[in-house]
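Here's a walk through one protein model, from the overall fold down to a pair of cysteines. Have the sequence and the 3D view open as you read.

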Amino acid sequence: MNILLIGDDSKIVDALIDKFNKGNHRIYWLTGRKEKGRSQKRVFEKYNFLYTDGNMKDIIESVGPDVVLFMGAYDTNFDWRYNGQAEALRYTTSMVNLLSAFSMSSGNGRFIYLSSQEVYDGSYANDIPETTAVSPRGFKAPAVSQGEALCTNYREIQGMDTVILRLDNIYSVPRKGQEVGSPCFEMCLEALKTGRISANSRKKFSMLYLNDAVELVYKVIVSERSVQPCYHISSMEEISELQLAEMIKEKIGAGITVVDHSAGENKRKVLDGRKYAEEFGQKIFNHYESGVEKVVQYMKRYSDTFIKAGDAGGGWSGRMWHNARVIIKSAFPFIESLVCFALFFFLDSWTAGSQYFGKLDFYLLYVLLFAIVHGQQQAIFSALLAAVGYWFRSSSGGSGYEVLLDYGTYIWLAQLFIVGMAVGYMKDHLRHVTDDKEEEIHYLYEKLEGIAEINDSNVRIKQNFETQLVNQKDSLGKIYEITSRLEKYGPEEVLFYAAQMLGQLMDSKDVAVYLVANESYARLFSATSPDARKLGNSIKYVDMEDMYNELKEGRVYVNREMNDKLPLIASAVYSEDQMQLILMLWGIPWQRMTLAETNRLTIIGTLIQNATVRASRYLESLRNQRYVEGTNVMKVDAFTQLVYAFFEAREKELTECALLEVQTGSHSYEQAAEILGDSIRPSDYMGVLENGKLYVLLSNTDAENAERVRERFLSSGYESLLKEAKV
């Protein structure tokens, strides 16, 4: 089996690669970053590309995967600690590109998306089943939830085999110095840093050890096809924060204190994994006792990689090691200065009297080096050492008192201290400014997270009120009510008012309806504004590759590149697998170019299709009654209705049209129509009115362009007059 693993290097990725190798699968790894990173010999091919890369479709097609596994909520490419808003946007964009590339690739594999319990917020008295609506908060959880929604839409609309796996609080032995977002790791880290663990007995959850999670995910991967689109993978072993803290305290040993901060309401969140267990079978091998012990023992052994010099440490041995590290770290710059002083003293003595290096002041360079690297304190210390070195070398050939009485010595010392202290001060000042900026940025990010939580709460309240409104514009009932108005118009008028109605439903003033003429060209039929006509009366839609590729697959085109030569959103109306109409919209704000808007346009397009197909079939069935037999000339009644529809639409600025009266002379109108048939477009009409004269109705043509048609008629031997019809 070919497996494409998508996600940055992490402990869970390592575990999955190891499992796939044991199953003799061929592994392809897409890292999601341009840097090469850590080499991995156990994968068949490694791709260092961003998820938003334009070559993603080619990569997936070259792999031809049976299964694509996207790490999703566990992908370490995304850092959610600080700029969560930017990461959420990058995450969603990456998901869209990956799913689009996979859907357009030639393979028929399965796309598996790893989600987490983070998509749920609040307290749940019972275990949470897959059918429970998500309630994400913050930045990461809504982004992960949006990824789930995208997978669901691709499954329902395009028939892709997508599976969502929500994993419940995965914990594992971390890598040295690497942070892991799990309750077990966070409590162990707090114990090592401070010597105490804060816990709330009212907060209850479930955890799943990494090895068990990998085994359960693997069962879904090797299955032929899953029944459900979403599964919860959980140990369903409930544990409280206080119980976990006591367990960690017992494993670490003496010196750790558990602080009970139990307050507030109960908060319980445990995923219900019974559906998964019924379909695939489930056995947990690493229960809390053994799993927590592995994590604690490893972090305790390599505690120096997880805690900083300023941390208090845990236990007697932890405090002793902490104090030793503080002393070593404080003394290191002085030891470094002494070692470097010996080197520069040797260089100064060695180059004394040299023709090339004799005038080079090595002590000044030495002081400048430590002032630039360590700041003012080390600048003063290194200057003192340099003064001692200078005195020692100068007095080696004579009396040391002469050196002390020489005014040049004091000038040199003043120069040394002034330069060193000035540069050291600038270094310290720059460090303080940088630290202040980082602290301010961290403070602002915390405030932003608080504002985001408040906003999430307000959004949920707003959504609750919206659901109480029966006639909101997005409801299917409201959409059907408006589109059903097309039924009252005559067959000739449907497409004119379809543009007007589409603009009303999509809240856009710039809507155009193009009538497909053949397999390459489409002709503008109606438009609601001059901006909607900017592509011209005739377009070669097959040359608009980005739009055409989406429309021919039956999808809604969204102009995410903001190409001014294409509409912002477009959709096609089909009849018997043939493209009949192209609906184009402009003037839509960027924030509204979402999946919800494209779904709404799809529904509206389907309802428009019903009305247009009905009208076209009606007109086709009455063709013999509408046209003079053996000609393309419309009879009086049919042509009168058509002229009325066009000129009424023109008055409402939905289209442009012109009416030409042909002077047939001694010829009959049948003869003139046969000759002039080659001089008009397929979208133009010929017919007779009550006066018995032949007329030509030019669609989407103003008076200026009508003059060109008159010239063609004249070259064919017929004069014509531009007429105005009164509606």
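How many helices and strands does the secondary structure of the protein chain come to? The count is 22 helices and 25 strands, taken as DSSP runs numbered from the N terminus (H or I, at least four residues, for helices; E, at least two, for strands).

Keep in mind that this is a predicted model, where local features need pLDDT of at least 70 and side-chain atom pairs count only at pLDDT 80 or more, while totals for chains, interfaces and linings use all residues. Residues are numbered from 1 along each chain as its sequence is written, and side-chain values use heavy atoms, with hydrogens and water left out.

The protein chain has 727 residues, and 46% of them count as buried, meaning under 20% relative accessible area with a 1.4 Å probe, protein chains only. Take contacts (heavy atoms within 4.5 Å) between residues at least 6 apart in sequence: 70% of them join residues at least 24 apart.

Now for the sheet. Seven strands form an open sheet in the order 3-2-1-4-5-6-11, with parallel pairing; two strands pair if DSSP finds at least two bridges between them. Strand 3 (45-47) and strand 11 (230-233) sit at the edges with a single partner strand each, so one side of each has no neighbour in the sheet. On average, neighbouring strands here are turned by 20° against each other, direction ignored. Inside the sheet, strand 4 (residues 67-70) and strand 5 (residues 110-116) run parallel and are joined by four bridges, and Leu-69 stands opposite Ile-112 in strand 5.

Helix 3 (residues 84-104) lies across strand 1 (2-6), strand 2 (26-30), strand 4 and strand 5, at about 160° to strand 5. That angle is between N-to-C directions, from 0 to 180 degrees, of axes fitted to C-alpha atoms, for helices over the stretch in contact.

Next, helix 4 (residues 140-158). Its 19 residues should span 27 Å at 1.5 Å a residue, and the end C-alpha atoms are indeed 27 Å apart; the expected span is 1.5 Å times one less than the number of residues. Its buried residues include Val-144, Leu-150 and Tyr-154. Gly-159 follows helix 4, with a positive phi near 75°.

Finally, the cysteines. The whole structure has zero disulfides, a disulfide being a pair of cysteine sulfur atoms within 2.5 Å. Here is one pair:

| Cysteine | Closest cysteine sulfur | Relative accessibility |
|---|---|---|
| Cys-184 | Cys-188, 4.4 Å | 0%, buried |
| Cys-188 | Cys-184, 4.4 Å | 2%, buried |

Why no bond for Cys-184? Because its sulfur is 4.4 Å from that of Cys-188, which is too far.

Technical notes. Buried < 20%, exposed > 50% of the residue type's maximum accessible area, 1.4 Å probe, protein only.
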